[in-house]
Amino acid sequence: MRVRDYVQIIAATVFVAFFLKSCVVEAYRIPSESMERTLQAGDFLLANKFIYGAQTPQRIPFTNYRLPSFHIPSFRSPQHGDVVVFQLPAYAQEFSAAKSSAYVKRCIGVPGDSVSLVNRKVIVNGVAMPAWEMISTRAILPKGFGDSRIFPKGSAFNEDNYGPVRVPRSGDTLCLGKKQFAFVRNIIEHEGHDARLNENGEIWVDGERREFYVVDKNYYFVLGDNRDNSFDSRFWGFVPEDLIIGKAMMIYWSWNAEAAGGSVWSRLSQTRWDRIGTIIK
């Protein structure tokens, strides 16, 4: 076999591996406790990127040469209860000290839903969701006890009594006013427009005064299973559909990184063998 043949085989193998990583399955590590009960810090999971419609590679591997890129049609959109992997929206960066490129939370609200928390109980479209209840020893923050960290700013919401809020859906018409500005600004700016509130309480979009805005994308509301230790949609708002990467499928490796030492044997001794192969639900 000639050198040229080896090069072609290696190049094809690298391209296929890169395509699979970009469009089908990718591995992620859980760095925090925000999804405890389902996922633990030190879990390594595989995410199905194909199910929600991944984007094909935009560049040739290890080069700056761009490729024609397109979105693969999705089999379905995220549904209630899916554990989703997503990129953190720009407007949520202030809530994250980590340098992670991907985050994992549970999808609670899909486009068009009404979502609220009443004494920590999740309510979707007026129906209680007992499967998503959490256990906490912390005293419940009462309704009306506003938290300045909570989205939208200026609301009387807190992390235990929240909403109701409507999850934006493509085609929704949002009323624009001074009271609504904190709610709509992130959506408008994520969709590529400039939004300003002037001293008269008027909202200007791309230099024009507007009283209404038609939403272009679908959005989702996500929560951590361990909500006492999770910065999620309660704090920074909705996840745009174009930032959702995939659905968490399976834990392929897990270990207690904090307890492990530097040696190989020490690390192996901290492996959580019982979690390997766990299907994520």
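1. Let's start with strand β11 (residues 203-205): 3 bridges join β11 to β12, and the two run antiparallel. Strands here are DSSP runs of E with at least two residues, helices are runs of H or I with at least four residues, and both are numbered from the N terminus. Two strands count as paired if DSSP finds at least two bridges between them. Within this pairing, Trp204 has Arg209 of β12 as its bridge partner. A word on the source: this is a predicted model, where local features need pLDDT of at least 70, side-chain atom pairs count only at pLDDT 80 or more, and totals for chains, interfaces and linings use all residues. Residues are numbered from 1 along each chain as its sequence is written, and side-chain values use heavy atoms, with hydrogens and water left out.

2. Zooming out, the sheet is open and has 3 strands, ordered β10-β11-β12 with antiparallel pairing. β10 (195-197) and β12 (208-210) are at the edges with a single partner strand each, so one side of each has no neighbour in the sheet. On average, neighbouring strands of this sheet are turned by 40 degrees against each other, direction ignored. Helix α2 (residues 181-190) packs on the sheet and touches β10 and β11, its direction making about 155 degrees with that of β10. Contact means heavy atoms within 4.5 Å; axes are lines fitted to C-alpha atoms, for helices over the stretch in contact, and angles run from 0 to 180 degrees between N-to-C directions.

3. What is buried in α2? The buried residues of the helix are Phe181, Phe183, Val184, Asn186, Ile187 and Ile188. Buried means under 20% relative accessible area, exposed over 50%, and partly exposed in between (1.4 Å probe, protein chains only). After α2 comes Gly192, with a positive phi near 90 degrees.

4. Have a look at Gly177 too, in the loop between β9 (173-175) and α2. Gly177 counts as buried, at 12% relative accessibility. Setting aside neighbours within four places in sequence, Gly177 is in contact with Gly201 and Ile203. Gly177 and Ile203 are 26 residues apart in sequence, yet their C-alpha atoms are 6.2 Å apart.

5. Now the charges. The whole structure has 17 salt bridges, a salt bridge being a side-chain nitrogen of Lys or Arg within 4 Å of a carboxyl oxygen of Asp or Glu. Around the sheet of point 2, Arg196 forms one with Asp194, the closest N and O atoms being 3.1 Å apart. Arg196 is partly exposed at 48% relative accessible area, and Asp194 is partly exposed at 29%. Arg209, the bridge partner of Trp204, forms a salt bridge with Glu202, with 3.4 Å between the closest N and O atoms. Arg209 is partly exposed as well, at 49% relative accessibility.

6. The pair I'd check by eye is Arg120 and Asp160, whose side chains meet in a salt bridge (3.3 Å, N to O). Arg120 sits in the loop between β5 (114-118) and β6 (121-124), and Asp160 in the loop between β7 (127-128) and β8 (162-166), so the pair ties together parts that are 40 residues apart in sequence. Buried or exposed? Arg120 is buried, with a relative accessible area of 9%, and Asp160 is buried at 2%. Both belong to a salt-bridge network with Arg138, Asp147, Arg149, Glu159 and Asp228.

7. The strands flanking those loops make an open sheet of 4 strands in the order β7-β6-β5-β8, with antiparallel pairing. β7 and β8 take the edges, each with a single partner strand, so one side of each lacks a neighbour in the sheet. β5 and β6 pair over 4 bridges in the antiparallel sense, and Val115 has Val124 of β6 as its bridge partner.

8. On the surface, Trp265, Leu268 and Trp273 form a nonpolar patch with about 420 Å² of accessible area together. Patches take residues with over 30% relative accessible area and no salt bridge, joining like charges within 9 Å and nonpolar side chains (Val, Leu, Ile, Met, Phe, Trp, Tyr) within 5 Å. Trp273 lies in the segment after α4 (264-269) and is exposed, at 55% relative accessible area.

9. Overall, the chain has 4 helices and 16 strands, and 44% of its 281 residues count as buried. About 15600 Å² is exposed, with carbon and sulfur atoms supplying 56% of it; accessible areas come from the Shrake-Rupley method with a 1.4 Å probe, and for residues only the protein chains shown count as cover. Of the contacts between residues at least 6 apart in sequence, 62% join residues at least 24 apart.
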